[in-house]
Amino acid sequence: MWTIFEIIFLLIIFICSCCMKTNFGSKDIFLLRVGLFLTIVADFFMVYLDKNAIGIFFFCMVQITYAIRYDRKGALITAKALTCMIGTVLIVATIFRPDGLYILGAVYSVCLGTSVYKALALWRKGYYPARNKWLINVGMILFLLCDINVALSYTLGNRIFFALIWIFYLPSQILLVTSGSRQDCPK
């Protein structure tokens, strides 16, 4: 039986082998590939090595990469805003809950929230055709739902949340991989 890690790895191979001629430029495909590669690294640390803190760190990098992908013209502003928000979260988290994993979780939630917001804001911008915007939006919402279940599974220890993680995670990754290929191009 295939593990989720192996399936995600195959998705990365898929994105590297296709989406070459019908992508949105070298910067877009580069950011997508970096995001997917970092996803593999994060999954490896969390799923195989049970090193959650390192995995969350890499997932922060994934979401920052995606936020920049979805707001190319405002990449510097996105980076500055994330730095300010993360700094604030770290200060507040240190005061109220000094557990390192919860602090990383709070930082990750800022990165994820920013990435989802930037994805939803794509509807106002002309970066991608409508089908690609849909793929990105639904993929990021599924990613968000997955991570909500990760948090609930971790904090409440309920197995149902653990099962829901994978129900949301795999489709999110498939949609994000597919978003790298131009969907409205002529055949």
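**Entry 1: salt bridges**

I began with a count of salt bridges, and the total came to two. I note here that the model is a predicted one.

I looked up Asp28 and found that its partner in a salt bridge is Arg69, with 2.9 Å between the closest N and O atoms. Asp28 belongs to helix α2 and Arg69 to helix α3, and the pair links distant parts of the chain, 41 residues apart. I then checked burial: both Asp28 and Arg69 are buried.

The other pair I looked up is Lys118 and Asp71, whose side chains meet in a salt bridge at 2.8 Å, N to O. Lys118 is in helix α5 and Asp71 is in the loop between α3 and α4 (75-96), so this pair ties together parts that are 47 residues apart in sequence. Lys118 and Asp71 are both buried.

**Entry 2: the chain as a whole**

I stepped back to list the secondary structure. The chain has seven helices and zero strands. Along the sequence I read the pattern as α-α-α-α-α-α-α. I also looked up the burial figure: 45% of the 187 residues count as buried.

**Entry 3: the largest pocket**

I asked myself what volume the largest pocket has. The value I noted is about 810 Å³. Its lining is made of 31 residues, and those closest to the centre are Met46, Ile56, Val150, Ala151 and Tyr154.

Which helices each supply at least two residues of the lining? I wrote down α2 (26-48), α3 (52-70), α5 (100-120), α6 (130-156) and α7 (159-178). Of the contributors, α6 gives the most, with ten residues.

I sorted the lining by class and got 20 nonpolar, seven polar and four charged residues.

**Entry 4: the end of α2 and the loop after it**

I turned to the surface and found a nonpolar patch of about 330 Å², made by Phe44, Val47, Tyr48 and Leu49. I picked Val47 from this patch for a closer look. Val47 lies in helix α2. Is Val47 buried, exposed or partly exposed? Its relative accessible area is 41%, so I put Val47 down as partly exposed, since that value falls between the 20% and 50% cut-offs.

Next I looked at Asp50, which sits in the loop between α2 and α3. The phi of Asp50 is near 55°, a positive value in a residue that is not glycine. I wrote this down because most residues other than glycine have a negative phi. Asp50 has a relative accessibility of 59%, so I counted Asp50 as exposed.

**Entry 5: pairs that are apart in sequence**

I went through some residues in helices and checked the C-alpha distance of each to a partner elsewhere in the chain.

I started again with Asp28, in helix α2. Its relative accessible area is 1%, and Asp28 is therefore buried. Asp28 and Gly180 are 152 residues apart in sequence, yet their C-alpha atoms are 7.6 Å apart in space. I add this to the salt bridge that Asp28 forms with Arg69.

Leu31 is also placed in helix α2. At 10% relative accessibility, Leu31 counts as buried. I noted 6.2 Å from C-alpha to C-alpha for Leu31 and Thr65, which are 34 residues apart in sequence.

Leu38 is another residue I found in helix α2. With a relative accessible area of 13%, Leu38 is buried. The C-alpha atoms of Leu38 and Gln63 are separated by 9.5 Å, and the two residues are 25 apart along the chain.

The last one I looked up was Ile103, in helix α5. Why do I call Ile103 buried? The reason is its relative accessible area of 13%, because buried means under 20%. Between Ile103 and Ala53 I noted 9.8 Å, C-alpha to C-alpha, with their positions 50 residues apart in sequence counted as the separation.

**Entry 6: what I keep from this**

I keep a chain of seven helices and zero strands, with two salt bridges. I keep the largest pocket, of about 810 Å³, to whose lining α6 gives the most. For the surface, I keep the nonpolar patch that includes Val47 and the positive phi of Asp50.

Note on methods:
Residues numbered from 1 in each chain as written. Predicted model: local features only at pLDDT ≥ 70, side-chain atom pairs only at ≥ 80, totals over all residues. Heavy atoms only, no water. 1 Å grid on protein atoms, 1.4 Å probe; cavity = no way out; pocket = protein on both sides within 12 Å on 5 of 7 lines; lining within 4 Å. Points joined across faces, edges and corners; volume = space filled by probe spheres on them. Helix = DSSP H or I, 4+ residues; strand = E, 2+ residues; numbered from the N terminus. Nonpolar A, V, L, I, M, F, W, Y, C, P; charged D, E, K, R; others polar. Patch = residues over 30% accessible without salt bridge, like charges linked within 9 Å, V, L, I, M, F, W, Y side chains within 5 Å. Areas by Shrake-Rupley, 256 points an atom, 1.4 Å probe, with all protein chains shown as cover. Salt bridge = Lys/Arg side-chain N within 4 Å of Asp/Glu carboxyl O. Buried < 20%, exposed > 50% of the residue type's maximum accessible area, 1.4 Å probe, protein only.
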